[in-house]
Amino acid sequence: MTLDVLAEGAEVALRRDPLWRGSGAETPDEYVVWAANICGMACLKMILATRGEIVPTIELARRCTRYGGYVVGEGSIKGLIYAPFVSFVREAFSLQAEVMTNVATADIPAILARSRFFIASVSSWVRWPEREPPSKGGHLVLVTAASDKGFRFHNPSGHTSATQANAVLAPADFDRFFANRGIAVAI
């Protein structure tokens, strides 16, 4: 529903999502509040799925909040806060995770050689690789492979199959969106 959310706003578009019950939300209102703020939990859900563990996304978010990974206010959510997230995934799922800052795009292949995944902070405009983003960061994608030829990643807010699952960008293009921080995760 990414294009609908972009065109109409999350408040309007997400109320029509017939799949909201599968998210783990208890009500449509809870779904609307969380849905625009859980790209990190979508990345975690994908990681857990590689182990055969299927956990609803908003259930993950609620659990991560208890560790301080999100700060939930009246109708607003701040997060994902990396250090509490790392504690959460270590304790809840026995995942080895590490917050990484000052990461050059060229460092990501070596990170993936040590860790199976890299949750990268990128601009949400990564869904439009032909456009120049207004800023870097603010959205999370799951990088699954990287080389000097290309970076493959899953984008929770991709709007087409080409920008959602196994999206690929040349390193220089990925760099235009990458905020030089993220979380390395080994399973």
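Which residue in S8 does Phe 117 stand opposite? In this predicted model, the partner across from Phe 117 is Val 185 in S8. That pairing is a handy way into the sheet, and the rest of the fold can be followed outward from there.

The two strands involved, S4 (117–122) and S8 (178–186), pair in the antiparallel sense over five bridges. They belong to an open sheet of six strands, with antiparallel pairing, that reads S3-S8-S4-S5-S6-S7. At the edges stand S3 and S7 (167–169), each with a single partner strand, so one side of each is left without a neighbour in the sheet. From one strand to the next, the twist averages 30 degrees. As a general point, strands of a sheet pair through backbone hydrogen bonds, either parallel or antiparallel.

Two helices can be placed against this sheet. H4 lies across S4, S5, S6 (151–154) and S8, and runs at about 35 degrees to S5. H6 packs on the sheet too, touching S3, S4, S5 and S8, and its direction makes about 165 degrees with that of S3.

How buried is H4, then? Eight of the 11 residues of this helix (residues 39–49) are buried, so H4 is largely enclosed by the rest of the structure. The buried set is made up of Cys 39, Gly 40, Met 41, Ala 42, Cys 43, Leu 44, Ile 47 and Leu 48. Their cover comes from several directions: it includes the helices H5 (57–66) and H6, along with the strands S1 (70–73), S4, S5 (139–146) and S8.

Some of these H4 residues turn up again in the largest nonpolar core. That core has 33 residues, and the ones touching the most other members are Met 41, Leu 44, Tyr 70, Phe 85, Ile 119 and Ile 183. H3 (28–35), H4, H5, H6, S4, S5 and S8 each supply at least two residues of this core. A second, separate core of 20 residues includes Val 103, Phe 118, Leu 169 and Ala 184. In soluble globular proteins, nonpolar side chains tend to be buried together.

Ile 119 gives a good look at how the pieces meet. Setting aside neighbours within four places in sequence, Ile 119 is in contact with Cys 43, Ile 47, Phe 85, Leu 140, Val 141, Leu 142, Arg 181, Gly 182, Ile 183 and Val 185. Ser 121 also sits in strand S4, and this serine is buried, with a relative accessible area of 2%. Not counting residues up to four places away in sequence, Ser 121 touches Tyr 82, Gly 137, Gly 138, His 139, Leu 140, Phe 177, Phe 178, Ala 179, Arg 181 and Gly 182.

H5 and H6 have a meeting place of their own. Their axes come within 9 Å and cross at roughly 110 degrees, and the two helices are therefore roughly perpendicular to each other. The crossing is right-handed. On the H5 side, Leu 60, Arg 63 and Cys 64 meet Phe 85, Phe 88, Ala 92 and Phe 93 of H6.

S1 and S2 (76–79) run antiparallel and are joined by four bridges. Gly 73 has Ser 76 in S2 as its bridge partner. Together S1 and S2 form a hairpin with two residues between them, and in the turn Gly 75 has a positive phi of about 75 degrees.

A few backbone details are worth a look as well. Just past the hairpin, a cis peptide bond joins Gly 79 and Leu 80, with omega about 10 degrees. Leu 80 is found in the loop between S2 and H6 (82–93). Ser 94, in the loop between H6 and S3 (96–101), has a positive phi near 55 degrees although this residue is not a glycine. Is Ser 94 buried or exposed? Ser 94 is exposed, with a relative accessible area of 55%. Asn 102, another residue other than glycine with a positive phi, also has a value near 55 degrees. It lies in the loop between S3 and H7 (108–114), and Asn 102 is exposed, with a relative accessible area of 73%.

Notes
Residues are numbered from 1 along each chain as its sequence is written. This is a predicted model: local features need pLDDT of at least 70, side-chain atom pairs count only at pLDDT 80 or more; totals for chains, interfaces and linings use all residues. Side-chain values use heavy atoms; hydrogens and water are left out. Buried means under 20% relative accessible area, exposed over 50%, partly exposed in between (1.4 Å probe, protein chains only). Contact means heavy atoms within 4.5 Å. A nonpolar core is a set of buried Ala, Val, Leu, Ile, Met, Phe, Trp, Tyr and Cys residues joined through side-chain atoms within 4.5 Å. Two strands pair if DSSP finds at least two bridges between them. Axes are lines fitted to C-alpha atoms, for helices over the stretch in contact, and angles run from 0 to 180 degrees between N-to-C directions. Angles under 35 degrees count as roughly parallel, over 145 as roughly antiparallel, 65 to 115 as roughly perpendicular and the rest as oblique. A crossing is left-handed if the near helix is turned anticlockwise from the far one by less than a right angle, and right-handed if clockwise.
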